Amino acid sequence: MSRIRGARRASRVTSLSGTVDARALGAALAARDGNGERTLAYRGLRVVGALRLDRRSLDAAVALVDCVFEEPLDLTELSVPSLDLSGSVLPAVHADRLVVDGELRLTGARLGDGVSEPRPMTDPADDGTGRRAPRRLHEGTATGVLRLADARIGGNLVVEELSVADGGAWSLLAPRLTVEGSVHGRGLTANGSLYLRDARVTHAVNLHAADVGGIDATGIICTGFYADWGFRSTGQVLLRAAEVGGVVTFHDGILAGPAGSLLCGRLRVPRLRLDLREPPAGRVVLQDATVDVLVDSESTWPAPGALSLEGFAYQRLETERSVEVRVRISWLTRDPQAGARTFEQLAKSYQSGGDERSARTVRHARERYLSRNDRLSGRIWGLVQDVLFGYGYAPRRALLWLLSLVAVGSLWFATHRPPPVGGDSKRAWDPVLYSLDLLIPVASLGHRGAWDPAGASKAVALLLVVAGWVLATAVIAGARRVLGRG
């Protein structure tokens with residue numbers, strides 16, 4: 001038996017080394033625990049048979065480091081000050097309702113039956129390859145290599161460099177897990193998925209450079225969720241209805257094929273980073289999520305049709321390289337279900353930052369985008385409003401049209417003076433005022449009724465009258481739209 005720090009009185013008990021029977025190891029742990037040992041520590045054992053420590057309460061910490069277990073380790077409802085299985089090889093660990101006062105460590109451990117075939121988690125409606133995960137797991141029938149359902153850990157859960165290779169769907173099955181410290185999973189590799197639904201982590205979940213088949217962390221509560229710096233998932237990552245007090249980051253992460261996607265519906269977090277290393281293979285769903293700051297990257301936006309933003313609320317957008325407003329609008333249109341609220345949210349983010357011009361550009365683009373779904377008559381009328389007045393968001397365009405029409409009419413009537421009504425007119429001829437009077441549909445300057453155009457001049461006069469009515473109607477419709485939606 002090799003000594004591990006904390007095993008102060010190990011010399012007074014019978015040592016175990018090499019290949020040992022699971023029952024003998026269990027008896028030794030029980031005997032030493034009764035002798036008041038602070039740490040029950042063994043290293044490099046090969047354990048034959050099933051070691052059962054279920055439903056026990058140990059007063060001493062347990063360290064089984066670099067051991068090889070031929071059968072699954074049963075820790076169901078075990079209560080222990082701390083537990084260290086670092087470097088050990090196990091077919092499975094069954095630790096539902098485990099209670100650990102301190103840390104639970106599996107650093108560098110290897111779990112599973114050795115089947116390393118990737119098993120990415122996909123949506124039940126997805127026809128692609130991958131293991132389809134149910135929308136709600138039936139825990140009574142589900143199996144996992146590392147089971148921690150309803151477990152309570154008073155310190156950290158350390159699974160750094162843990163390797164899970166197994167033919168099952170779930171590498172970690174830990175619904176309602178409670179961790180008073182942090183989850184440290186740097187470099188964790190699992191060909192299956194991690195199930196952390198409704199988990200409670202006092203501090204952060206750290207999965208830097210982890211490689212997994214998917215994560216279901218629906219409803220998780222923690223202060224930070226770090227799936228970054230080389231994190232890779234070949235299946236879905238679910239953070240639906242999660243509440244994170246600090247940051248959720250996928251910076252430099254990879255959502256790879258065949259089913260790498262991110263579902264964050266109803267997520268609540270102050271800061272969300274989606275500046276991935278490469279565009280995701282699947283969808284990114286932010287529907288009804290609420291964040292203060294979204295950090296993303298134009299180069300890693302999901303493909304058109306693979307983005308869902310309806311109901312997504314944010315205060316500010318950040319990128320390492322500035323994104324032009326028209327490019328940002330194309331980000332919105334990657335959501336095929338984008339509606340008026342989606343555009344208005346982007347406009348408000350520009351407006352709150354003091355960029356009124358960009359806010360107007362977004363609202364103008366909103367009207368263009370929404371008019372595409374109208375009937376033919378609506379699309380034609382929308383095009384007219386866009387050309388003449390920019391749907392109310394380009395008022396100078398209406399002024400330019402008015403001045404242009406006055407100029408055209410003035411040039412024509414300067415050389416084609418119409419005769420006065422009744423053969424005589426008390427007004428002096430002015431082609432500019434006459435053209436302007438024709439364009440104004442309601443008020444009159446007194447020139448329109450004083451002259452009687454004929455032939456081609458009558459056609460030009462009629463064209464100016466119709467253009468004036470169309471321009472006025474478009475202006476009124478655009479103004480109503482701006483006031484109504486603003």
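Reader: Is Ala 241 buried, partly exposed or exposed in this predicted model?

Author: In this predicted model, Ala 241 is found in the loop between β31 (236–238) and β32 (243–249). Its phi is near 60°, a positive value in a residue other than glycine. Partly exposed residues lie between the limits of 20% and 50%. Because the relative accessibility of Ala 241 is 31%, the residue counts as partly exposed.

Reader: Is Arg 55, whose phi is also positive, buried or exposed?

Author: Arg 55 is placed in the loop between β3 (46–48) and β4 (61–65). Its phi is near 60°, and Arg 55 is a residue other than glycine. A residue counts as exposed when its relative accessible area is over 50%. Arg 55 has a relative accessible area of 55%, so Arg 55 is exposed.

Reader: Is the peptide bond from Gly 257 to Pro 258 cis or trans?

Author: Pro 258 is found in the loop between β33 (254–255) and β34 (261–263). The bond from Gly 257 to Pro 258 has an omega near 10°. The peptide bond is cis.

Reader: Which side or sides of helix α2 hold its buried residues?

Author: Helix α2 covers residues 325–332, and its buried residues are Val 325, Arg 328, Ile 329, Trp 331 and Leu 332. Because these residues cover an arc of only 145° around the axis, they fall on the same side of α2. In general, an α-helix has 3.6 residues a turn, so residues three or four places apart point the same way. For the buried residues of α2, the answer is the same side.

Reader: Against which elements do the buried residues of α2 pack?

Author: The residues concerned include Trp 331 and Leu 332. Their partners comprise both strands and helices. They are β37 (290–296), β38 (307–308), β39 (316–318), α3 (340–352) and α4 (356–371).

Reader: Which strands stand at the edges of the open sheet of 10 strands?

Author: The order of the sheet is β6-β10-β16-β20-β24-β28-β31-β34-β36-β38, and the pairing is parallel. Each edge strand has a single partner strand, so one side of each is left without a neighbour in the sheet. The strands at the edges are β6 (73–74) and β38.

Reader: Which residue of β28 is the bridge partner of Tyr 195?

Author: Strand β24 (residues 193–195) and strand β28 (residues 215–216) run parallel and are joined by two bridges. In β28, the bridge partner of Tyr 195 is Asp 216.

Reader: With which residues is Leu 83 in contact, leaving aside its neighbours within four places in sequence?

Author: Leu 83 lies in strand β8 (residues 83–84). Buried means under 20% relative accessible area; because Leu 83 has 3% relative accessibility, it counts as buried. Leu 83 and Gly 102 are 19 residues apart in sequence, yet their C-alpha atoms are 7.9 Å apart in space. The contacts of Leu 83 are Val 62, Leu 75, Val 100, Glu 103, Leu 104 and Arg 105.

Reader: What percentage of the residues in the protein chain are buried?

Author: The protein chain has eight helices and 39 strands. It exposes about 22,200 Å², of which carbon and sulfur atoms supply 52%. Of the 486 residues in the protein chain, the buried ones make up 51%.

Reader: Over which residues is the pLDDT below 50?

Author: The mean pLDDT of the protein chain is 87, and 87% of its residues reach 70 or more. One stretch with a pLDDT below 50 has 32 contacts in the model beyond near neighbours in sequence. This stretch is residues 1–14.

Terms used:
Residues are numbered from 1 along each chain as its sequence is written. This is a predicted model: local features need pLDDT of at least 70, side-chain atom pairs count only at pLDDT 80 or more; totals for chains, interfaces and linings use all residues. Side-chain values use heavy atoms; hydrogens and water are left out. Helices (H or I, at least four residues) and strands (E, at least two) are DSSP runs, numbered from the N terminus. Buried means under 20% relative accessible area, exposed over 50%, partly exposed in between (1.4 Å probe, protein chains only). Accessible areas come from the Shrake-Rupley method with a 1.4 Å probe; for residues, only the protein chains shown count as cover. The arc is that of the directions from the helix axis to the C-beta atoms. Contact means heavy atoms within 4.5 Å. pLDDT is the predictor's confidence in each residue, from 0 to 100. Two strands pair if DSSP finds at least two bridges between them.
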